[in-house]
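This briefing goes through a protein chain by topic. Please have the sequence and the 3D view open while reading.

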Amino acid sequence: MKFPFKKGKEVIFEKVRSRQGFTLENQEGRLTDFEDVDIEEYLQDMFVTADQFVILTAPEPRRKVRYVQACTHDGAIEVELGIEEEGTRLYYKMCTEQECCRIFLDFYDGMLEPKMEEYKPVEF
């Protein structure tokens, strides 16, 4: 099977390779050595600057979640979860700044238990 591939309206991506630790990314670059406060700073920058994104990737999936990413659309915040199974599928929900921060920090701290009924598959 060649990735990414479509299954209905969903796109399934290749699994992310295992890493030593977490990575934190935005359009400016990537960090491999960071703390909670750096995640909060990246998110705050995204909230106030147009066309920004933030991606937090775990070294291994945590409760099937491989990464969390967020971006803004016309002032609204979209958070996406990369759920790893046979490949990686993206699920999204719109949320507040506070909820977005909580999702990222809970994921980083190993406490994220997403309520998947709140998320919808990302369609391409």
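Is R66 buried or exposed? R66 counts as buried, because its relative accessibility is 1% and the cut-off for buried is under 20%. The model is a predicted one. The points below cover salt bridges, aromatic rings, a charged patch and two residues with positive phi.

**Salt bridges**

- The whole structure holds seven salt bridges.
- One of them joins R66 to E84, with 3.3 Å between the closest N and O atoms. R66 belongs to strand β6 and E84 to strand β7, so this pair ties together parts that are 18 residues apart in sequence.
- The partner E84 is buried as well, because its relative accessible area is 12% and buried means under 20%.
- A salt bridge also connects R30 and E25, whose closest N and O atoms are 3.4 Å apart. E25 has a relative accessible area of 17% and is therefore buried, under the cut-off of 20%.
- E113 and R63 form another salt bridge, and their closest N and O atoms are 3.7 Å apart. This pair links distant parts of the chain: E113 sits in the loop between α2 and β9 (120–121), R63 in the loop between β5 and β6, and the two are 50 residues apart.
- E113 is exposed, because its relative accessible area is 57% and exposed means over 50%. R63 has 48% and is therefore partly exposed.
- K93, E99 and E118 are linked by salt bridges into a network.

**Aromatic rings**

- Three aromatic pairs are found in a search of the whole structure.
- One of these pairs is F22 with F107, in an edge-to-face arrangement with 5.8 Å from centre to centre and 85° between the planes. F22 is in the loop between β2 (10–13) and β3 (23–26), while F107 is in helix α2 (residues 97–108); the pair links distant parts of the chain, 85 residues apart.
- Both of these residues, F22 and F107, are buried.
- Ring pairs join F22 and F107 with F34 and Y108 in a cluster.

**A patch of negative charge**

- Which residues gather in a patch of negative charge on the surface? They are D33, E35, D36, E40, E41 and D109.
- Within this patch, E35 is placed in the loop between β4 (29–31) and α1 (36–48). E35 counts as exposed because its relative accessibility is 54%, and the cut-off for exposed is over 50%.

**Positive phi in residues other than glycine**

- Most residues other than glycine have a negative phi. The two residues below have a positive one.
- R63, also named above for its salt bridge with E113, has a phi near 55°. The loop that holds R63 runs between β5 (53–62) and β6 (65–73).
- D74 is not a glycine either, and its phi is about 50°. D74 is found in the loop between β6 and β7 (76–84).
- Is D74 buried or exposed? D74 is exposed, because its relative accessible area is 86% and exposed means over 50%.

Note on methods:
Residues numbered from 1 in each chain as written. Predicted model: local features only at pLDDT ≥ 70, side-chain atom pairs only at ≥ 80, totals over all residues. Heavy atoms only, no water. Helix = DSSP H or I, 4+ residues; strand = E, 2+ residues; numbered from the N terminus. Buried < 20%, exposed > 50% of the residue type's maximum accessible area, 1.4 Å probe, protein only. Patch = residues over 30% accessible without salt bridge, like charges linked within 9 Å, V, L, I, M, F, W, Y side chains within 5 Å. Areas by Shrake-Rupley, 256 points an atom, 1.4 Å probe, with all protein chains shown as cover. Salt bridge = Lys/Arg side-chain N within 4 Å of Asp/Glu carboxyl O. Lys, Arg positive; Asp, Glu negative; His and termini not counted. Charge placed at Lys NZ, Arg CZ, Asp CG, Glu CD. Phe/Tyr/Trp six-rings, centres within 6.5 Å; stacked < 30°, edge-to-face > 60°.
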